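Q: Before any single feature is taken up, may the structure itself be shown? A residue and its surroundings would serve as a starting point.

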Amino acid sequence: QVQLVESGGGLVQAGGSLRLSCAASGRTFHSYAMGWFRQAPGKEREFVTAITWSGSSTYYSDSVKGRFTISGDNAKNTVDLQMDSLKPEDTAVYYCASKTYSSGTYYLYLQTAYDYWGQGTQVTVSS
């Protein structure tokens with residue numbers, strides 16, 4: 001059983017910063033990549049960013065590129081999301097996800113390609 005636990009959400013003013021963390025555990029945990037997705041009220045869950053463990057390649061949605069930074073610690077099975085210059089439209093529940101196997105870069109952007117999910121953490125950006 002793999003468990004992903006997010007932390008670090010909260011309320012911040014526009015222009016501020018937050019750092020989210022995701023800790024993975026499980027006796028047989030194996031992951032090719034980790035991703036962050038978010039879901040705003042009344043909207044579909046969308047891709048935010050992903051990182052592959054081998055080579056630490058990173059991928060970002062256009063809406064967060066240049067403002068968010070994903071990083072990972074393979075030894076600790078943790079992934080962080082540094083969010084700077086936050087905007088009210090970044091308000092959402094943020095989910096951490098783990099993708100077990102490699103299947104091409106395209107699939108890193110698809111939530112259906114991820115095998116395990118955390119419960120989510122709320123990020124609220126006030127204007």
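A: We begin with the surroundings of Thr91. Leaving aside its neighbours within four places in sequence, Thr91 is in contact with Ala40, Pro41, Gln122, Val123, Thr124 and Val125. The model is predicted.

Q: Where is Thr91 found, and is Thr91 buried or exposed?

A: Thr91 is found in the loop between strand S8 (78–83) and S9. Its relative accessible area is 19%, and the cut-off for a buried residue is under 20%, so Thr91 is buried.

Q: Which backbone oxygen does the side chain of Thr91 reach, and what lies 2.9 Å from a polar atom of that side chain?

A: The side chain of Thr91 reaches the backbone oxygen of Pro88 at 2.9 Å. The backbone nitrogen of Val125 lies 2.9 Å from a polar atom of the side chain of Thr91. Val125 is also among the contacts of Thr91 already listed.

Q: How should aromatic pairs be read, and how many does a search of the whole structure find?

A: A pair of aromatic rings is described by the distance of the centres and the angle of the planes. In this structure, a search of the whole finds seven aromatic pairs. One of them is formed by Phe37 and Phe47, with 5.6 Å from centre to centre and 80 degrees between the planes, and this pair is edge-to-face. The pair links distant parts of the chain: Phe37 belongs to strand S4 (residues 33–39) and Phe47 to strand S5 (residues 46–52), ten residues apart. Both Phe37 and Phe47 are buried.

Q: What geometry does the pair of Tyr59 and Tyr109 have, and where in the chain are these two residues?

A: Tyr59 and Tyr109 also form an edge-to-face pair, at 6.1 Å centre to centre and with 75 degrees between the planes. This pair too links distant parts of the chain: Tyr59 is in strand S6 (residues 58–60), while Tyr109 is in the loop between strand S9 (92–99) and strand S10 (116–117), 50 residues apart. Tyr59 counts as buried at 17% relative accessibility, whereas Tyr109 is partly exposed, with a relative accessible area of 34%.

Q: With which residues is Tyr59 in contact, leaving aside its neighbours within four places in sequence?

A: The contacts of Tyr59 beyond those neighbours are Phe47, Val48, Thr49, Ala50, Thr52, Thr105, Leu108 and Tyr109. Ser102, for its part, is 43 residues from Tyr59 in sequence and 15 Å from Tyr59 in space, C-alpha to C-alpha.

Q: Which residues do ring pairs link into a cluster, and over the face of which rings does Arg45 lie?

A: The cluster linked by ring pairs consists of Phe37, Phe47, Tyr59, Tyr109, Tyr114 and Trp117. Arg45 lies over the face of Trp117, at 4.0 Å from the ring centre. Arg45 also lies over the face of Tyr95, with 4.8 Å to the ring centre.

Q: Which residues does a disulfide join, and why is the disulfide called left-handed?

A: The count comes to one disulfide. The disulfide joins Cys22 to Cys96, with an S to S distance of 2.0 Å. The torsion about the S-S bond is about -75 degrees, so the disulfide is left-handed. Cys22 lies in strand S3 (residues 18–25) and Cys96 in strand S9, so the pair ties together parts that are 74 residues apart in sequence. Both Cys22 and Cys96 are buried.

Q: Which members of the largest nonpolar core touch the most other members, and which strand gives the most to this core?

A: The largest nonpolar core has 27 residues, of which Met34, Trp36, Phe68, Met83 and Tyr94 touch the most other members. At least two residues of this core come from each of S3, S4, S5, S7, S8, S9 and strand S11 (121–126). S3 gives the most, with four residues. A second, separate core of nine residues includes Phe47, Ala97, Ala113 and Tyr114.

Q: What is the phi of Asn77, and what is the phi of Ser85?

A: Asn77, a residue other than glycine, has a positive phi near 55 degrees. Asn77 lies in the loop between strand S7 (68–73) and S8 and is partly exposed, with a relative accessible area of 23%. Ser85 is not a glycine either, and its phi is positive at about 50 degrees. Ser85 is found in the loop between S8 and S9; its relative accessible area of 41% makes Ser85 partly exposed.

Definitions and conventions:
Residues numbered from 1 in each chain as written. Predicted model: local features only at pLDDT ≥ 70, side-chain atom pairs only at ≥ 80, totals over all residues. Heavy atoms only, no water. Phe/Tyr/Trp six-rings, centres within 6.5 Å; stacked < 30°, edge-to-face > 60°. Buried < 20%, exposed > 50% of the residue type's maximum accessible area, 1.4 Å probe, protein only. Lys NZ or Arg CZ within 6 Å of the ring centre and 35° of its normal. Disulfide = S-S within 2.5 Å. Polar contact = N/O pair within 3.5 Å; in protein donor to acceptor, adjacent residues only side chain to side chain. Contact = heavy atoms within 4.5 Å. Core = buried A, V, L, I, M, F, W, Y, C linked by side-chain atoms within 4.5 Å.
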